[in-house]
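I am opening a fresh notebook page for this structure. Come along and look over my shoulder while I go through it entry by entry.

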Amino acid sequence: MSWSIPSKKSDLDLRPKLYSQIVLAGGSTLTPGFGDRMLYEVRSRSPSHTRIRISAPPERMHSAYVGGSILASLATFKNMWVSRAEYEEKGANALHRSEL
């Protein structure tokens with residue numbers, strides 16, 4: 001599980017909004033008790049008066065795929081694509097272009 005508590009990384013005015021808009025995504029979040037554990041961990045690291053809201057959409061198992069497909073369909077993302085020919089020519093270095 002990788003996440004960061006908003007209190008240390010964000011603007012003071014944004015923190016209440018961030019705590020109230022946590023969304024679980026990915027198949028591993030379907031593990032029994034995951035949502036309860038997340039709530040416990042966030043509560044233990046946030047100010048006591050903070051309103052915490054964690055959304056767990058039922059389709060979250062496919063959230064990463066859906067998000068990736070939306071991103072890939074954006075016209076602005078097209079210039080970041082690495083073609084197969086470019087990858088075969090440059091290898092992993094093709095992924096380290098300055099445009100990415």
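What share of the contacts in the protein with a separation of 6 or more comes from residues 24 or more positions apart? I looked it up, and residues 24 or more positions apart account for 55% of those contacts. I should say right away that I am working with a predicted model.

**Entry: the overall layout**

I went through the elements next and found five helices and two strands in the protein. Reading from the N terminus on, I wrote down the order α-α-β-α-β-α-α. Then I turned to the surface: the protein exposes about 7800 Å², and carbon and sulfur atoms supply 56% of that area. Of the 100 residues, I noted that 20% count as buried.

**Entry: salt bridges in α3**

How many salt bridges does the count come to? My note says four. I started with E41, which forms a salt bridge with R37, and the closest N and O atoms of this pair are 2.7 Å apart. E41 and R37 are four residues apart in helix α3, so about one helical turn separates them.

E41 turned up again with another partner, R45, and here the closest N and O atoms are 2.3 Å apart. I found R45 and E41 both in helix α3, again four residues apart, about one turn of the helix.

Is E41 buried or exposed? E41 counts as buried because its relative accessibility is 10%, under the 20% cut-off. R45 has a relative accessible area of 44%, so I put R45 down as partly exposed.

**Entry: a salt bridge in α5**

Further along the chain I looked at E86, which forms a salt bridge with K90, the closest N and O atoms being 3.9 Å apart. I checked accessibility for both partners: E86 is buried because its relative accessible area is 15%, whereas K90, at 43% relative accessibility, counts as partly exposed. Both sit in helix α5, and being four residues apart, E86 and K90 are separated by about one helical turn. Going back to the earlier pairs, I noted that salt bridges with shared partners join R37, E41 and R45 into one network.

**Entry: W81 and its contacts**

I located W81 in the loop between α4 and α5 (84-90). Which residues is W81 in contact with, leaving aside its neighbours within four places in sequence? I listed A72, E86 and R97. I also looked up the distance from W81 to A94: these two are 13 residues apart along the chain, and their C-alpha atoms are separated by 9.9 Å. W81 counts as partly exposed because its relative accessibility is 43%.

**Entry: a nonpolar patch**

Which residues make the nonpolar surface patch of about 330 Å²? I found Y65, V66 and I70 there. I picked out I70 for a further look and placed it in helix α4 (residues 63-73). With a relative accessible area of 49%, I70 is partly exposed, since exposed would mean over 50%.

**Entry: T50 in its loop**

My last stop was T50, in the loop between α3 (34-45) and β2 (54-55). Where does a polar atom of the side chain of T50 lie 2.9 Å from a backbone oxygen? That backbone oxygen belongs to P47. I also noted that T50 counts as buried, because its relative accessibility is 17%.

Key: Residues are numbered from 1 along each chain as its sequence is written. This is a predicted model: local features need pLDDT of at least 70, side-chain atom pairs count only at pLDDT 80 or more; totals for chains, interfaces and linings use all residues. Side-chain values use heavy atoms; hydrogens and water are left out. Buried means under 20% relative accessible area, exposed over 50%, partly exposed in between (1.4 Å probe, protein chains only). A polar contact is a pair of N or O atoms within 3.5 Å; within protein, one must be able to donate a hydrogen and the other to accept it, and residues adjacent in sequence count only if both atoms are side-chain atoms. Patches are made of residues with over 30% relative accessible area and no salt bridge: like charges are joined within 9 Å, nonpolar side chains (Val, Leu, Ile, Met, Phe, Trp, Tyr) within 5 Å. Accessible areas come from the Shrake-Rupley method with a 1.4 Å probe; for residues, only the protein chains shown count as cover. A salt bridge is a side-chain nitrogen of Lys or Arg within 4 Å of a carboxyl oxygen of Asp or Glu. Contact means heavy atoms within 4.5 Å.
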